[in-house]
Amino acid sequence: MRSEFVEHFTHSLSLSRPVSPSPVPTIQTQSISSRKPALHALLVSLSQPRPSSAHIASCTLSLRDLTQHERDELKSTEADLDLDEEVLTDAIMAKLAVAVYAEALDAYLGQAIEVDGEAEWWGEVERSGPTGVAWFLLQTLPLRLVDLCKTILRTLHIHQLPLTLAELSPASLSSLFSPRSFSLRPGLLTTALFPHLAVQPSQSLAVLLPFSISSTSASRTSTQPVLARVSFYLSFAKRVVRLPLDLTRAECRYKRKALEQMRDERACVLGRLALLRGQLGSVVGSAAGMGVGAGGIERYGSFLASLVHILDPTHGHISETGDIFGPLTVLSTRLLPSLPKSHAAALRPSPSSPTLLRPASLTLLWPRLLLIPPIALYLYRNTTTTLIPALRALVADARDTALGFWEGWVMGPLGEVVRTMRGGTGVGEGMVSLEGIRSDLESLERMTQSLASDLLHYTPEQLASLGESVRSGDLTAPIMEVYEADVRRPVGALIGGRLVRHVLVQVQKAKVDTAHALLGIDRLLASQRLTFAFVGVAPALGILYLFGVGRIEAILLQTPPNPFPSIFTTPPPLPALPTGLLLLSLARLRTYAHAHLPPHIRGPFLEDLEMLEDPGMGVEGKIGVVARVWRCWGGVLEG
């Protein structure tokens with residue numbers, strides 16, 4: 001089954017149809033034989049989604065037989081060529097070309113994805129540190145012991161030794177497998193435990209060198225201090241203990257590098273196939289078709305020859321104007337079906353060579369399957385009274401937090417925005433009320449007029465003018481002069497009661513001024529209430545702005561072609577290897593987008609990927625698209 005990336009990459013090619021030639025005005029003759037139903041059935045079968053290699057080969061052989069039969073009849077009867085059959089033949093040829101191209105593209109893409117995933121897995125084990133490497137060694141220890149037992153039994157059989165306990169004793173095995181002199185080359189037992197040593201010897205085995213020279217250096221080491229010799233042997237013991245971990249890490253490194261080299265080879269072929277899409281598009285969309293004129297045959301033959309040479313560089317020369325069914329037959333019956341077998345052989349070249357794939361799932365799980373049940377039983381017995389209530393409280397707290405966030409930070413600010421827009425900017429419920437300020441001002445006016453009438457003997461006209469001054473916030477000079485005079489004679493003014501009245505008037509004036517100041521603050525807050533309400537929903541607006549800017553920048557990047565091609569040259573496309581590696585990453589991103597991204601993000605993100613999938617875009621254009629994708633979608637992908 002083809003991947004979604006290949007379906008999208010070849011979708012435009014599948015929609016292309018060779019335009020039927022205009023009929024030449026000749027005398028109409030009846031068709032020799034009715035091949036139209038068979039040709040139409042082939043076209044319908046190839047129009048089905050994702051045809052297999054076997055089906056492509058069957059259709060190729062059927063079309064070749066029909067075409068050869070048609071040529072034989074035309075030679076024997078000298079009849080006119082049926083233009084409808086020619087158009088059907090051209091359409092089938094276009095379908096076959098797109099089918100073999102998509103099948104090759106899908107095969108190499110699938111292999112590159114598989115190899116890249118395996119290389120990443122081995123790299124993670126290699127970088128996991130001593131604990132991770134030791135855990136992997138424990139996981140694969142049963143397989144290594146099985147290989148060790150097979151090696152011992154095979155060696156006993158080769159030397160025609162009986163399978164007895166005496167022959168399996170450590171002394172017998174040591175005499176059978178130990179070399180006569182010390183060597184850094186791994187032996188059979190070592191390569192059975194670490195198969196990569198048979199292909200790539202490791203320098204880690206040099207840690208065993210002191211044992212071979214201990215006898216020759218005994219006289220020299222005997223003169224050394226005892227503490228120095230103890231330190232030397234402790235360091236040697238530490239290196240010996242770390243030797244299995246070093247060999248295991250070297251095994252992971254060897255497999256990772258081999259897989260990365262294999263991935264680059266598949267990516268290079270994938271890039272060359274991607275760069276071939278333009279040539280295939282010119283073939284299937286040609287107005288001359290494939291069966292009319294020498295130009296169409298040459299283009300079709302050139303494409304098939306290029307495809308065969310990419311899949312099998314050792315293949316001989318293919319004529320571009322000869323029989324076009326030969327390359328199609330080679331592709332559909334030999335090259336494409338052999339790709340899975342050659343890939344499996346590359347992952348494990350021979351039974352004695354180490355496989356490059358990760359161990360089976362059961363091999364990786366057996367320590368957990370062995371340790372988890374007793375540990376789980378122990379934890380259940382000891383934490384039933386504390387763990388379950390704690391988990392329930394944690395779930396309740398998480399639910400309350402989510403509800404509080406939704407109500408207090410999402411729905412609350414949005415409701416405040418709506419209420420503010422409906423209520424306007426008038427002063428509603430604030431720190432002071434207009435009625436309270438009005439009553440305080442009237443009280444101040446009455447107190448001032450009473451004081452002026454008793455002490456200054458104002459006339460009604462003067463009292464009315466004084467009331468106007470008080471309402472405007474001004475206590476007139478005579479009132480303040482009387483107050484200043486009473487302050488200079490406080491005892492008499494206090495006994496007479498005038499100072500108390502002056503003080504009360506000043507307190508009332510301060511109360512009125514404070515109320516006016518609070519009223520001004522209320523009006524300021526009311527005028528900015530809508531701004532404060534929108535601050536609560538600013539994150540949501542920022543996300544919407546991010547999506548909108550991403551779409552706008554995508555449109556700006558899709559600029560029209562250069563109107564001056566003679567002055568400004570088109571940048572060259574990427575080479576084959578970077579193109580293949582880029583398509584490999586894009587295929588994985590496309591799979592991730594379809595599986596994990598929500599629909600409102602998936603569409604714009606796939607549009608960006610489609611721009612990067614274009615083999616004709618230059619390096620600078622793709623760098624700009626990658627920078628924009630990271631800027632717009634980096635946070636989404638990291639999350």
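This is a short tour of a predicted model, moving from its nonpolar cores to a pair of helices and then to a single residue.

Begin by selecting L96, Y101, L273, Y300 and F303, which are the residues with the most contacts inside the largest nonpolar core, a set of 68 residues. Now add helix α5, residues 83-126, and you will have selected the element that supplies the largest share of this core, namely 17 residues.

Next, centre the view on L96 and show its surroundings: leaving aside neighbours within four places in sequence, L96 is in contact with L46, I56, C59, T60, L63, Y300 and L328. A second core, separate from the one you have just visited, has 13 residues, and to find it you can select F136, C252, L347 and L356, which are among them.

Return to α5 and select helix α12, residues 226-275, as well, and then look at how the two axes come within 8 Å and cross at roughly 155°. An angle over 145 degrees counts as roughly antiparallel, and α5 and α12 are therefore roughly antiparallel to each other. As you turn the view, note that α5 passes α12 in a left-handed crossing. If you colour the residues of this contact by type, you will find 17 nonpolar, 2 polar and 10 charged.

Finally, stay with helix α12 and pick T248, which lies in it. Is T248 buried or exposed? Its relative accessible area is 0%, and because buried means under 20%, T248 counts as buried. Show the side chains around T248 and, not counting residues up to four places away in sequence, you will see that T248 touches V133, F136, L137, R144 and F194.

Technical notes. Residues numbered from 1 in each chain as written. Predicted model: local features only at pLDDT ≥ 70, side-chain atom pairs only at ≥ 80, totals over all residues. Heavy atoms only, no water. Core = buried A, V, L, I, M, F, W, Y, C linked by side-chain atoms within 4.5 Å. Buried < 20%, exposed > 50% of the residue type's maximum accessible area, 1.4 Å probe, protein only. Helix = DSSP H or I, 4+ residues; strand = E, 2+ residues; numbered from the N terminus. Contact = heavy atoms within 4.5 Å. Axes fitted to C-alpha atoms, helices over the stretch in contact; angles between N-to-C directions. Parallel < 35°, antiparallel > 145°, perpendicular 65-115°, else oblique. Left-handed = near helix turned anticlockwise from the far one by under 90°. Nonpolar A, V, L, I, M, F, W, Y, C, P; charged D, E, K, R; others polar.
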